[in-house]
Every structure is written in structure tokens, then in C-alpha cells.
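Have you ever wondered how the words used for a protein model are tied to its numbers? Let us take a few of those words one by one.

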Amino acid sequence: MSHDFVPVQWNRQKYVYDGILIVAIMAFLSSFILFGLNAKVADPSILIMRALGACAIVLLHVVLAIGPLARLSDRFKPLLYNRRHFGVITAVIGLLHGAFALMWYHGFGVINPIASAIGGYGDYGVPIEFPFESLGLIALVILLTMAATSHDFWLSRLTPPIWKALHMCVYVAYAALIGHVALGTAQFDKGVGLFWALGIGAVLMSGLHVASMLKGRSLDTQADMKTDWVNIGDPMSIPLNKAVTITPANGERIAVFRHAKGISAVDAVCSHQNGPLGEGCVIGGLVTCPWHGFQFDPETGEAPAPFTDRVQTHEVRIENGTVWVNSTPDAFGTKRIAIQVPS
Amino acid sequence: MSDEKDFFVGYGALPNKDKRFILKAVPAGLLAIAGTGAFIGSRAVSQGGGRWETGTPVTMQGRIGFHPYPVLWVDGIGHVIAGIGKQSADAYCKVFEGQSVEVTGVKIVRNNCFMLGIANGDIKAIKTATSPIPSYGPTKDVSIVGEVLDAQCFMGIMNPGYGRTHRGCATQCIRGGQPVFFSIGFREDDALPSAQTCGGNGYLLANAEGEKINAEILNDIAVPVTIHAKLEKIGNLYRLVYKTGSMRRLS
Amino acid sequence: MLKIAQFISYGLGIYVLIGLVFGLYFITRGLRNEPLAGRGVIVRLMLLPGAVLIWPLLLKAKS
């Protein structure tokens, strides 16, 4: 993983994933064009342009749904694993739509196409006069920046918090795209079908995100004591090879694992992409992140050689049949021997 | 240990539970996405039969008139001339005003009339005399409801070539000097009275002096408006001479 | 409004141009002290769009 950067770490699942994705895109575009041909549009180019735009927004809905779906059901984790390819392909489809539409409707004139699209007409103060192209442009710039910085190199180069913040802008892009399509439709199309579709999409997205947030909260045990030591309770309440995640009053979430060697605690936030390590599993003695399978030794927080990723460990004690965890993390690389559960 | 076997790791073997799920979910997902495409695609509204015959340029002989946009007159039938892209053909047509010429251009067709899209160099003077440019018929004052649009998009290039969604494009074309139409009918079902009335649903719009109106109306393009104007017929075309300050937005 | 739009569009153009110059430097010389040093051409080209788009962040991180 981060010991070395290669263009793409291909494996069989990624090939299959990308293959299915491309088939899905082709299915979308061809059925769009097939059913759109009935409408006798002036030029097939226009139909293709619209199909690409519609495809991009549908893909964005799906890619945004992956995170919450994967938290709600393990069955969706395979979707999450290669989500960045999904995102990059979405951005490329959006770029094709944007570039095509920009040149077609604003190119070859006396002022440059971007200026024409964002300020050539209309009035930003009035919804029905709003130059809706500008919202599409904002979304496109965000999606392209995300796609361009999706490689793990950028994650380590920018540091995870900045990278994550940059990639959270996807929600800004989503809102801008909803505005782009809604305004473009409202300004012209009398048919309400697309409005309904957009609305249903937005409700689904918010519903999924709220549901996943609630589930995330219910997985976490809130520790309200202000002391450093947090009570986890009965060690056997932690499922074998799984973790209980707690949120201390001060500091980051902690994942407390029960595995073959005993009880260990590490940061619940994966050092790779801030994945939910506490929802991971111990496989072959290593804590494995549910997102991209990054692995860490539960006793040292370090990835097995040659990988260099690491998370912080936490001190664990068992007193009178109760597990206690120190909410202050150890220095990176501190080894904490797993505490055996008294039988 | 069943948990461990069921735990998905991207680079590992696919757990059986996931395999079973994927075998069902992938076809369902593909079907859903194709259905969504079909649904959105089918929402497209017919914009009539306008088309841009880029592949098959035509060569025609006639006379160049300005009304106030360039028009090729062929035996009393006027074909409005647009430049390539979003810039007018005025500069290279002006030198041939009133002369007999041969023009090679792209037909921009709507219903049973068409205009021509030409580039610099597509027009040359010829010795053969062609029929004269018709003269203006009687005029009448009208109040009329419609939209200010660029002629070539309305006629056949864009879908839609009218309405607010098309404002940006129409404004860019008119800013570039392309012929300005005042359009009163948009769809194919707004039937045209006869083959001779190409201007019937697209009037050439001139300012009070009968000159190009482009720069004066950039803020009122592609929105429903009402105007007062003097209507003049010339050949098969109509020209509206706009009464300055009479334009009112309808929405 | 058109004036502002033109200003923004030229601004975007200049931003991308600077990004391109910086990006080319970044993927050729700039990676010397990175874990990526000595890596292949394809990886470097893959990083170019990112460098073009977020060059101010990279400049800031360097200094």
C-alpha cells in the first residue's frame, strides 16, 4: 500500500468491478438514446450530450449511496472497495457532458465559452433567470479535482484530514448539480417527471445518510466520564475478532478488539482514508479495515512489513471482570501486549 | 470464525455470502440503471423537425440582399444567411450586396424552408445575371407576442432553439451578430400556413432604423415578450421594424 | 456581469496555466524527495492533473 505507489493496484475484483461499471454505463446511455430518439431531437449530438449529463448525475447518486449502504449492510462493502474508480469514471462522464455542452452552446462566439456560460445572460438574483450552467461548472470543477487527487499518493501527500476535507466537497458538487438540473429543467421543461426523479433521488440520499449516521452512533458507546480511563464493560460482550467502538469525551474514537491473544485497543480511524476501523475484523491476527482491507497489528498499531501505515494503540486493563481503556493514545509504535481475558 | 470468512477484503477471495448477493444484485442494478436511462431519455420533448444538414453542403446562385441580415434571393425566395459558429456572415457578404453570387453552404432546415450557414470564402461573384431582389410590400403596425431568438438555432441547430434553457446560446449567437428572429411559433404542431411563409413563424427583427438590432436586445433574448412593430413583407420573408422601447416581458 | 464573468474565466485559465507549468515541474523534479522518486512515467502522468488543479496547496505544503 503506501510502501510504494503504482498507477493502479489492479486485482481481479477491480477488473470485475470496472467491467460491470462500464457495462452499466453503456446500458444507461444506450437505453437513454434509444428511448430519446422517439422525441425527434434536432441532432443526435444533443441526445448524446443529454445522455452523458443524465448518466453523470445518476452515477453520482450511486457513488454517494455507497458509503451509507456499506455501513448499513456488509453486502455492499464490495461496492465501497473500488469506489474511487467509480468516482473517477463519474467525473470523466461529467467532463464529457460539460465540455461538449460548453462548446456546443457557448463555443465559437465572440466571447470565450466559459464567460458566456457563467455571465453572458440572465440574472443571478432571480431563480428563473439564473444561469444554470454555472452550477454545473462548479460541480464539474469539484468532481474533476476529486478525481485528479484520488490516487493514494495525494492522500499521503496532502495528509488525510486535508484530503478528506477536499473530498467531502462532493456534497457541494451534489447540491450544485441538483441546482443545475432543477433550474435547467424548471426554466424550460414543462414535464414534471424529471423534477420528481430529482426529488426522489435527493430524499433517498438524505435518508440513506441519516440512517447510516444513526447506525454509526448506535455502534459507538458514548463514554461521558471526563477521566482518562473509559469503562468498556464485560470483555465477553465484545464479539470475537470484532471490536466495540467508543467515543471518549475527549479525543478520537477507539476500537477495542477481542482476538485470539486477548483484548487490544487501537484508534478507530484508519490511517488510510479515515475508514471505520472499529467496524473491521481481525483476520490472521491483524485488524483489517472494512474499506480497503488495510491491516494493522492490534498490539503495535503497525501494518505488517513492507507497509508503513500505522495507527495509535491504547492501554487496556481488566479489573474485576471489566475492561478499561485509556482514552489517551500511546505514541505511534508503542507495543501493548494484548490483555488476556481471565477465564 | 464464520464472521472472519464473511468479512469482505478487496484483495482477498470473495466471501460466499457476497458472491450470492452480487449474482442477484448486479443484474438487478443493471436493469435499474437501464430503466432510469430509458425513463429520463423518454422525457425529451419533441422540438420539431429542424435539422442542420452538415454532411451535404449545397451550391446555389442568387442575389445578396440585407434585410438587415444577409439573405440569398433565389427566384424570389429568400434564404437567410448565418455565419459559421456563433458569428455573423455580414463581413464577407457585405461586399456582394445586390450582386449575383454563387454560395456554397450548409442547409439549416425547418419544415419546408431553409436558411444557409456559410463561412468566409463560401461566396463568390458570378457573371450570370440572377432574378432581382423583391421589393418591400405594404406595411402595417402590429402588437405581437413571441421570443427574440437567433435564427439558425431556432431553425434547426439547437434543441431547444428557444426558451430560457437556450438563452445563453441564443445570447452568444446574437452577440456575435447572427440574424435575429422574432419567433411566434415553436413546435412542429404550430403548423405553417404554406411553403412560402418561412418568415411566418420567424420574423426578421430590425431596430427602428431598419438596422441590425443585436446589441440593443441582449438582455431580452429567449423570454416571452410583447412588442410593437411595423410589419413588412419582402418576398417570402417578413421583417419587423421594432418601435424602440415597446418591448414588455410577459414573465 | 459579463465583465466579472470574463474576469473569472481568464482567472481560471491563468490558474490552470500556472498549474500546468508547476505540475510539469512537480512530476519531473518535484518528486525527488517523495516516496515516489524514480517511479514510472505512467504514475507521474496520473499525478499531473492533480498537481495542475491543486498547485497552491502543494506550494504551501513545500514552504
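The questions below go through confidence, chain contacts, helix packing and strand pairing.

Q: What kind of model is this, and how are its parts numbered?
A: This is a predicted model, in which local features need pLDDT of at least 70 and side-chain atom pairs count only at pLDDT 80 or more, while totals for chains, interfaces and linings use all residues. Residues are numbered from 1 along each chain as its sequence is written, with chains lettered from A and ligands numbered from 1 in the order in which they are written.

Q: What does the predictor say about the complex, and about chain C?
A: The complex gets an ipTM of 0.92 and a pTM of 0.88. For chain C we can use pLDDT (the predictor's confidence in each residue, from 0 to 100): its mean is 86, and 84% of the residues reach 70 or more. Among the elements of chain C, helix α1 (residues 2-28) has the highest mean, 95, and helix α3 (residues 55-62) the lowest, 81. Helices here are DSSP runs of H or I with at least four residues, strands are runs of E with at least two, and both are numbered from the N terminus.

Q: How do you know which chains touch?
A: Residues are in contact if their C-beta atoms, placed from the backbone, lie within 7 Å. Two pairs of chains touch, and the most contacts are between chains A and B. No contact joins chain B and chain C, and their closest C-alpha atoms lie 11 Å apart.

Q: What makes up the contact between chains A and B?
A: Chain A gives 58 residues and chain B gives 50. Among the elements on chain A's side are α1 (12-36), α2 (44-72) and α10 (193-219). The largest share, 12 residues, comes from α1(A). This side of chain A has 31 nonpolar, 19 polar and eight charged residues. Nonpolar means Ala, Val, Leu, Ile, Met, Phe, Trp, Tyr, Cys and Pro; charged means Asp, Glu, Lys and Arg; the others, Gly among them, are polar.

Q: Why are α2(A) and α10(A) called roughly parallel?
A: Their axes come within 8 Å and cross at roughly 25°. Axes are lines fitted to C-alpha atoms, for helices over the stretch in contact, and angles run from 0 to 180 degrees between N-to-C directions. Angles under 35 degrees count as roughly parallel, over 145 as roughly antiparallel, 65 to 115 as roughly perpendicular and the rest as oblique, so α2(A) is roughly parallel to α10(A).

Q: Which residues make the contact of α2(A) with α10(A)?
A: Among them are His61(A) and Leu64(A) of α2(A), and Gly201(A) and Met205(A) of α10(A). By class, the contact has eight nonpolar, six polar and two charged residues.

Q: How do you know that β10(B) pairs with β7(B)?
A: Strands pair if DSSP finds at least two bridges between them. Strand β7 (residues 136-150) and strand β10 (residues 225-234) of chain B have nine, in the antiparallel sense, so they pass that test. One of the partners is Glu232(B) in β10(B), which bridges to Thr139(B).

Q: What joins β10(B) to β11(B)?
A: Six bridges join β10(B) to strand β11 (residues 237-242) in the antiparallel sense, with Ile234(B) opposite Leu237(B). The two strands form a hairpin with two residues between them, and Gly235(B) in the turn has a positive phi of about 55°.
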